[in-house]
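Hi there,

Here is the structure I promised to pass on. Have a look at it first, and then read on for my notes.

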Amino acid sequence: MTLRLFDTATRTVRDFVPLTAGEVGIYLCGATVQAPPHIGHVRSGVAFDVLVRWLRRTGHRVTLVRNVTDIDDKILAKAADAGEPWWAWAMTNEREFTAAYDALGVLPPTYEPRATGHVPAMVDLVDRLVEAGHAYATGPGDVWFDVRSYPEYGALTNQRVDDMVPAPDDASGVTKRDARDFALWKSPKPGEPASASWETPWGRARPGWHLECSAMARRYLGDAFDIHGGGLDLRFPHHENEQAQSHAAGYGFAQYWLHNGWVTQGGAKMSKSLGNGLLVDVVLQGVRAAVLRYALTAVQYRSMLEWTDDSLREAEATWDRLAGFVERAAEKVGAADLDEVAKADLPDAFVAAMDDDLNVPAALAVVHEHLRLGNGALASGDLVVARTEMVALRAMLDVLGLDPGSPQWAARGGDERYARALDAVVAGQLDARAQARADRDFATADAIRDRLAAAGIVVEDSPTGARWSLRPES
């Protein structure tokens with residue numbers, strides 16, 4: 001079967017044929033690190049993680065580039081409000097995004113370039129556009145892309161130039177040939193730190209938002225590459241402008257455009273400006289990471305994901321059924337190692353669903369059918385079938401980044417409730433031991449310590465009281 005993907009540029013589902021057989025280059029617009037991530041931010045990372053996993057499972061060598069925008073107007077403004085250097089503010093939030101991706105089992109990208117590390121490449125691209133007559137300078141540091149110089153401008157989003165809103169870089173349009181021309185380089189604003197701009201042939205400036213992605217995509221993937229991805233909100237103006245400046249410079253750029261839907265609340269796009277953002281680290285204080293990953297994965301990537309109070313409850317109930325079956329089956333028939341799971345044949349119906357524009361809901365229907373068969377086999381004592389179904393189920397979930405037997409989720413799916421329960425039980429035992437010692441009942445105190453040691457818990461007495469830890473594995 002052939003993988004088919006919905007290409008936003010053509011607005012059709014197309015057979016996916018990479019430029020080089022067996023190899024796939026993907027550029028994914030990553031975080032603008034102005035603030036910590038909410039679940040709407042990380043949906044893109046999770047959605048394209050499934051694509052990467054599917055391509056690798058089907059024998060492709062994937063190069064994934066996910067950029068970090070570490071300088072822009074909002075980063076500078078928020079850093080100034082917080083009294084922090086802009087670069088420190090950006091790095092702090094970049095680490096928050098990395099922690100969120102890691103917690104949700106998102107595979108690391110092949111390359112994760114920062115905008116500030118690629119200024120020379122951006123200068124080269126702008127120089128090429130100026131020489132070709134597609135860009136012009138209006139003063140020290142300000143360089144604009146001339147949208148009317150490129151007849152195909154608007155093709156990605158199927159718009160006419162005359163119908164477009166002015167570019168937000170300069171809403172007045174006074175200094176530009178056309179109000180829709182967008183910034184390639186931006187002169188420093190009054191009060192901005194000197195470290196937030198660079199010397200260029202057109203004066204001291206910092207890069208426009210769109211410029212960085214074109215330069216970095218070419219740096220790591222070449223003049224033309226297979227897939228450009230990102231959230232639906234990036235189609236215009238960001239991706240439209242990326243495509244225009246890259247094509248105008250003579251580069252093939254992306255052959256397919258993929259966009260994931262938003263996470264919404266009450267029908268509105270989740271964003272901090274609406275006050276309805278759910279920070280990932282806050283959500284994970286009350287729910288297992290595997291459950292949040294399941295909730296973000298279970299909806300087809302192009303669909304809007306409406307977030308309600310039931311979203312996590314439903315995901316948790318489903319995850320418990322999946323992980324519970326794998327745990328019970330492993331107790332009966334032995335766990336399958338990762339190599340066996342990676343090499344297992346996938347059911348035809350699952351493959352067909354994934355090849356149909358990553359139709360995860362249809363793929364999960366196949367998963368649940370095998371869950372039903374596996375539970376039935378355990379109930380009837382047919383351990384051969386039970387093991388076959390366990391391996392098949394794990395193999396399918398592995399494609400979705402949700403294998404309950406993987407190191408990421410194996411410890412009860414990262415369920416912190418077990419850690420809290422253990423802490424409470426041990427604390428109670430240590431309180432009983434302390435009371436026994438106070439009563440000079442040393443036999444009882446020693447017996448408690450011995451029981452804890454037999455359970456792999458090491459107790460250390462100190463002037464401030466007893467501390468405990470798990471015995472290191474030998």
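How many bridges join strand β6 to strand β7? There are three, and the two strands, β6 at residues 142-145 and β7 at residues 182-186, run antiparallel. Across this pairing, Val143 stands opposite Trp185 in β7. Before you go further, please keep in mind that this is a predicted model.

**The five-stranded sheet**

Strands β6 and β7 belong to an open sheet of five strands, in the order β5-β6-β7-β9-β8, with antiparallel pairing. At the edges stand β5 (135-139) and β8 (198-200); each has a single partner strand, so one side of each is left without a neighbour in the sheet. From one strand to the next, the twist averages 45°.

Strand β9 (residues 203-207) of this sheet holds Arg206. Is Arg206 buried or exposed? With a relative accessibility of 2%, Arg206 counts as buried. You may want to look at the partners of its side chain. One polar contact, at 2.5 Å, goes to the side chain of Asp73, and another, at 2.9 Å, joins the side chains of Arg206 and Glu192. Leaving aside residues up to four places away in sequence, Arg206 touches a list of residues that includes Ile71, Asp72, Leu76, Leu184, Trp185 and Trp198. Trp185 thus appears twice in these notes: it stands across from Val143, and it is among the residues touched by Arg206.

Asp73 also comes up in connection with Gln34. These two residues are 39 apart in sequence, and their C-alpha atoms are 9.2 Å apart in space. Gln34 sits in the loop between β3 (23-28) and α1. At 18% relative accessibility, Gln34 counts as buried, because the cut-off is under 20%. Not counting residues up to four places away in sequence, Gln34 touches Lys74, Ile75, Lys78, Trp89 and Asn93.

**The three-stranded sheet**

There is also an open sheet of three strands, in the order β13-β12-β14, and here the pairing is mixed. Its edge strands, β13 (268-269) and β14 (305-306), each pair on one side only. In which sense do β12 and β14 pair? Strand β12 (residues 263-265) pairs with β14 in the parallel sense, over two bridges. Within β12 and β14, Val263 stands opposite Leu305.

**Aromatic rings**

A search of the whole structure turned up eight aromatic pairs. One of them is Trp54 with Phe350: the ring centres are 6.2 Å apart and the planes are at 75°, so this pair is edge-to-face. Trp54 lies in helix α1 (residues 39-57) and Phe350 in helix α11, so the pair ties together parts that are 296 residues apart in sequence. Both Trp54 and Phe350 are buried.

Phe253 and Trp257 form a tilted pair, with 6.0 Å from centre to centre and 50° between the planes. Phe253 and Trp257 are buried too. Elsewhere, ring pairs link Phe145, Tyr153 and Phe182 into a cluster.

Two arginines lie over ring faces. Arg66 is over the face of Tyr101, at 3.8 Å from the ring centre, and Arg219 is over the face of Tyr220, at 4.8 Å from the ring centre.

**Backbone details**

Since you will probably look at the torsions, here are some for your list. The peptide bond from Phe236 to Pro237 is cis, with omega near 5°. Pro237 has its place in helix α6 (residues 235-248).

Positive phi values turn up at Asp357 and Arg440, neither of which is glycine: phi is near 55° for Asp357 and near 60° for Arg440. Asp357 is found in the loop between α11 (348-355) and α12 (360-380), while Arg440 is in the loop between α14 (416-438) and α15 (442-454). How do Asp357 and Arg440 stand in terms of burial, buried or exposed? Asp357 is buried, with a relative accessible area of 3%, whereas Arg440 is exposed, with a relative accessible area of 64%.

Happy exploring, and all the best!

Terms used. Residues numbered from 1 in each chain as written. Predicted model: local features only at pLDDT ≥ 70, side-chain atom pairs only at ≥ 80, totals over all residues. Heavy atoms only, no water. Helix = DSSP H or I, 4+ residues; strand = E, 2+ residues; numbered from the N terminus. Buried < 20%, exposed > 50% of the residue type's maximum accessible area, 1.4 Å probe, protein only. Phe/Tyr/Trp six-rings, centres within 6.5 Å; stacked < 30°, edge-to-face > 60°. Lys NZ or Arg CZ within 6 Å of the ring centre and 35° of its normal. Pairing = 2+ DSSP bridges. Axes fitted to C-alpha atoms, helices over the stretch in contact; angles between N-to-C directions. Polar contact = N/O pair within 3.5 Å; in protein donor to acceptor, adjacent residues only side chain to side chain. Contact = heavy atoms within 4.5 Å.
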